[in-house]
Amino acid sequence: MTSDDHARATTDLRDIPEADLDQALDLVHLAFHLKPADKTRAYHRRTLRACTRIGAYDDGRLSGVAGAHRVTLSVPGGQLPCAALDFVSVAPTHRRRGILTAMLDELWRRCAAEQRPVSCLWASESAIYGRFGYGAATESYRIEIDSSRPLALRIAPDSRPLRLIDPADAPTVLAPRYDATLPQRAGRFLRDAAWWREHVLDLDGSRGGDDRDGFGAARVVALGDPGGIPAGYAVYRTRGPGENRPGAVLVDELEAESAPVAAALWSYLASIDLTSTVRIEARPADDPLLHLVADRDQVRVTGQEPSLWLRLVDVRAALTARSWAAPVDLVLDLRDPALPANAGRFRLTAGPDGATWHPTTETPDLALDVRELASCYLGGTPLRHFVHAGLVTEHTPGAAHHLDAALATEWLPFTGENY
Ligand SMILES: CC(=O)SCCNC(=O)CCNC(=O)[C@H](O)C(C)(C)COP(=O)(O)OP(=O)(O)OC[C@H]1O[C@@H](n2cnc3c(N)ncnc32)[C@H](O)[C@@H]1OP(=O)(O)O
């Protein structure tokens with residue numbers, strides 16, 4: 001028996017009971033090289049406790065942990081129950097023996113039982129999850145504004161007054177504006193008050209938000225009539241000038257109902273005294289900011305990377321749940337080695353009235369992997385980019401173009417925050 005065979009024989013997959021939560025966290029912190037402060041550990045414990053928790057046990061000790069938040073994800077034209085994978089950790093003594101593979105198989109079984117057609121994650125390394133059928137489905141830009149001078153704009157900003165909001169009140173005040181973005185932007189999570197407090201505002205600083213690289217606690221600014229739904233808002237943190245570093249503003253989130261409102265908020269952020277740069281870690285690639293500034297040199301895209309990875313666990317349920325921008329009628333030959341129930345030849349007939357996905361023996365127009373379908377599902381990457389990259393085969397010329405027109409969305413999908 002090899003050591004790998006031994007590992008497989010002694011690995012036992014089951015729910016992690018509450019009694020093992022601390023052992024599970026120890027393994028997570030070991031795998032991620034973390035030494036969290038007490039309040040951050042308590043936060044991790046709270047969030048892992050609320051997850052579906054799958055443990056790989058070897059002789060009664062945890063050698064693998066996977067958690068999945070039960071979330072709802074915005075998709076074009078709707079929302080879907082989704083298993084948001086997190087805390088994935090395998091002991092360094094047990095790596096590369098199939099423990100992650102086994103935990104994912106188990107997770108997808110749970111997805112089927114709980115009628116969650118999709119699963120998502122933020123990857124610690126981009127090389128890990130493609131083989132499991134996860135495709136990068138949203139992208140984000142890192143942006144920096146040179147605010148050593150006033151932000152020059154090509155449009156007139158909304159002139160209504162801005163007001164600072166007590167972060168404790170922010171979940172109630174801001175939620176309607178955020179919720180209004182969900183039908184426009186796929187790839188976003190539905191939030192309850194706890195999500196706002198912990199993931200967005202980090203009110204008690206347990207995620208390190210009040211000490212991130214010297215930045216302070218979250219500040220919230222809103223525009224619009226007090227008492228109504230704000231026309232826009234920004235959640236941001238500031239850092240005064242220090243030795244060898246300029247004062248800076250770090251923007252966590254900015255939502256606006258129109259370009260003039262966005263212009264007013266960006267101008268405000270770029271005008272805060274004792275700061276000369278505005279950093280934004282994640283913005284959509286189609287952010288109007290990039291166009292409404294008069295001097296594009298003042299606003300630089302400093303990074304671009306995949307954010308949310310998506311897995312279509314039940315392809316039929318996922319495809320028939322989203323809306324379609326144009327009619328399409330194609331036969332797809334779909335590969336899905338990890339979940340063979342999805343694989344085969346299917347006719348996709350979709351349009352403004354919905355979609356059907358039926359098995360067929362007809363000649364395929366396109367042959368693709370479920371990973372690429374996931375990358376296109378939210379309307380992010382066009383399928384023809386994968387044709388150009390040699391990853392999708394177009395048997396019928398123009399088929400990818402037709403599917404892209406049907407999958408297209410007005411706004412690109414975007415996932416601003418991790419969970
Ligand atoms: C959603 C999240 O939580 S992301 C966080 C992921 N976790 C981490 O990064 C923490 C540190 N790393 C780990 O704990 C582990 O190495 C894991 C979880 C990444 C992988 O767990 P393992 O049990 O070793 O994976 P498993 O043995 O099932 O690997 C399956 C396949 O994926 C490949 N693989 C696994 N990890 C990686 C990686 N980091 N990079 C590239 N390939 C990888 C394996 O080589 C294997 O390929 P093969 O089938 O061709 O042989």
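1. Two strands count as paired if DSSP finds at least two bridges between them. With that in hand, A222 stands opposite Y233 in β10. The model under discussion is a predicted one.

2. Strand β9, residues 219-223, is joined to β10 by 5 bridges, and the two run antiparallel. The facing residues A222 and Y233 give one position at which to look at β10 in the viewer.

3. On to the next pairing of β10. Strand β11, covering residues 248-256, pairs with β10 in the antiparallel sense, over 8 bridges. Here R239 is the residue that stands opposite A248 in β11.

4. How many residues of β10 are buried? Strand β10 spans residues 232-239, and 7 of its 8 residues are buried, so that the strand is mostly covered.

5. A separate point concerns R95, which sits in the loop between β4 (78-90) and α4 (99-113). R95 has 13 other C-beta atoms within 10 Å; because a residue counts as exposed at 12 or fewer and as buried at 20 or more, R95 is classed as partly exposed.

6. Along the chain, R95 and S63 are 32 residues apart, and their C-alpha atoms are separated by 9.0 Å.

7. As for the overall layout, the protein is divided into domain 1 (3-116), domain 2 (140-305) and domain 3 (314-407). Between the C-alpha centres of domain 2 and domain 3 the distance is 36 Å.

Note on methods
Residues numbered from 1 in each chain as written. Predicted model: local features only at pLDDT ≥ 70, side-chain atom pairs only at ≥ 80, totals over all residues. Domains from an automatic or database assignment. Helix = DSSP H or I, 4+ residues; strand = E, 2+ residues; numbered from the N terminus.
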